[in-house]
Amino acid sequence: MPPRVSIIIPFYNCAYVDQAIVSALSQTYPDREIIVVDDGSTLHQDKITPYLPWIHYLGKANGGTASALNHGIRHASGDYIAWLSSDDRFHPHKLAVQLNGLASANADISFTNYEIVDEHGRVLYAPNFPTDPGNTQYFNTSTKLYTYMLQYNPINGCTVLMHKNLFHRYGYFDETCKYTQDLEMWLRLAAAGVRIEFVNEKLTQYRLHGEMGSRNHQPAIQREVDRLRAHYNPLLAARIASLGAGG
């Protein structure tokens with residue numbers, strides 16, 4: 001029986017939420033559910049109303065992205081979880097491509113390349129991920145990915161597809177991380193030795209706009225990052241040492 005995917009869309013006063021929902025509904029992979037978690041919004045709920053027959057709409061008091069994600073995950077019936085921010089969009093074949101890749105790799109989590117778009121949805125550019133000589137895939141071993149993660153976060157949370165059992169085994173998103181709950185989760189999984197697969201296809205559109213929190217709270221974000229690095233980098237370095245160059 002094909003696995004079910006639950007797409008969790010945290011929503012807080014976002015004017016782009018209808019576009020996110022449409023992109024989730026437009027997935028070519030058929031067995032998916034869409035859960036919109038309203039994190040105490042006071043604006044733009046009218047943009048969700050036309051889609052209520054095809055989604056699960058959950059309300060809660062404002063608690064931040066991590067709490068909204070966790071609330072949605074706990075209500076999810078899917079075998080896999082995908083996170084879609086309310087200002088971003090999936091390409092139609094995202095879930096199908098990632099599920100096939102995870103099955104081929106016998107893995108529980110993957111992330112992908114993505115496009116960066118402006119407030120009008122126009123593609124601006126895509127990230128330049130590192131490559132080995134000959135332009136081969138750089139993240140083809142855990143050692144290479146984990147080493148890169150000691151300095152950078154290559155994983156955009158909205159590109160991730162992960163088996164729900166990972167939350168049961170390693171815990172949910174850390175709600176004490178107001179801005180960096182995604183980085184904390186990826187470092188936690190990497191430090192535990194979870195193999196994270198990379199799919200070098202642009203399957204998500206990440207939107208840049210004036211209201212996004214990552215632009216407006218840089219000092220607080222950097223403090224959280226510094227705290228996470230101090231805790232996880234020694235654990236991750238130990239994991240890398242245990243794997244060796246070919247791990």
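Let's start with Trp83, which is buried in this predicted model. Its relative accessible area is 9%, and that is under the 20% cut-off, so Trp83 counts as buried.

Who keeps Trp83 company? Using the ring-centre rule, the model has 12 aromatic pairs. In one of them, Trp83 and Phe173 meet edge-to-face, with 5.8 Å from centre to centre and 75° between the planes. The two partners come from distant parts of the chain, 90 residues apart. Trp83 belongs to strand S4 (residues 80-83), while Phe173 is in the loop between helix H5 (165-170) and helix H6 (181-191). And is Phe173 buried or exposed? Phe173 has a relative accessible area of 5%, so this ring is buried too.

Another pair to look for is Phe129 with Phe198, and this one is tilted: the centres are 4.9 Å apart and the planes make an angle of 55°. Again the pair links distant parts of the chain, this time 69 residues apart. You'll find Phe129 in the loop between strand S7 (123-125) and strand S8 (131-132), and Phe198 in strand S11 (residues 197-207). Both of these Phe residues are buried. They also belong to one aromatic cluster, together with Phe111, Phe139, Tyr148 and Tyr152.

Here are the two pairs side by side:

| Pair | Arrangement | Centre to centre | Angle between planes |
|---|---|---|---|
| Trp83 and Phe173 | edge-to-face | 5.8 Å | 75° |
| Phe129 and Phe198 | tilted | 4.9 Å | 55° |

Rings can have charged neighbours as well. Arg74 places its charged end over the ring of Tyr172, 4.4 Å from the ring centre. Lys94 does likewise with Phe90, where the charged end lies 4.6 Å from the centre of the ring.

Now for the strands. Which strand is largely enclosed by the rest of the structure? That's S2 (residues 32-39), because seven of its eight residues are buried. Strand S1 (residues 5-11) pairs with S2 in the parallel sense, over seven bridges. One place to spot this pairing is Ser6, whose bridge partner in S2 is Glu33. S2 also pairs in the parallel sense with strand S3 (residues 56-60), over five bridges. There, Val37 has Leu58 in S3 as its bridge partner.

How do S1 and S2 fit together with a helix? Along with helix H1 (residues 17-25), the two strands make a right-handed β-α-β unit. To trace this unit in the structure, follow the chain from S1 through H1 to S2.

How values were computed. Residues numbered from 1 in each chain as written. Predicted model: local features only at pLDDT ≥ 70, side-chain atom pairs only at ≥ 80, totals over all residues. Heavy atoms only, no water. Buried < 20%, exposed > 50% of the residue type's maximum accessible area, 1.4 Å probe, protein only. Helix = DSSP H or I, 4+ residues; strand = E, 2+ residues; numbered from the N terminus. Pairing = 2+ DSSP bridges. Right-handed = clockwise from strand over helix to strand, strands pointing away. Phe/Tyr/Trp six-rings, centres within 6.5 Å; stacked < 30°, edge-to-face > 60°. Lys NZ or Arg CZ within 6 Å of the ring centre and 35° of its normal.
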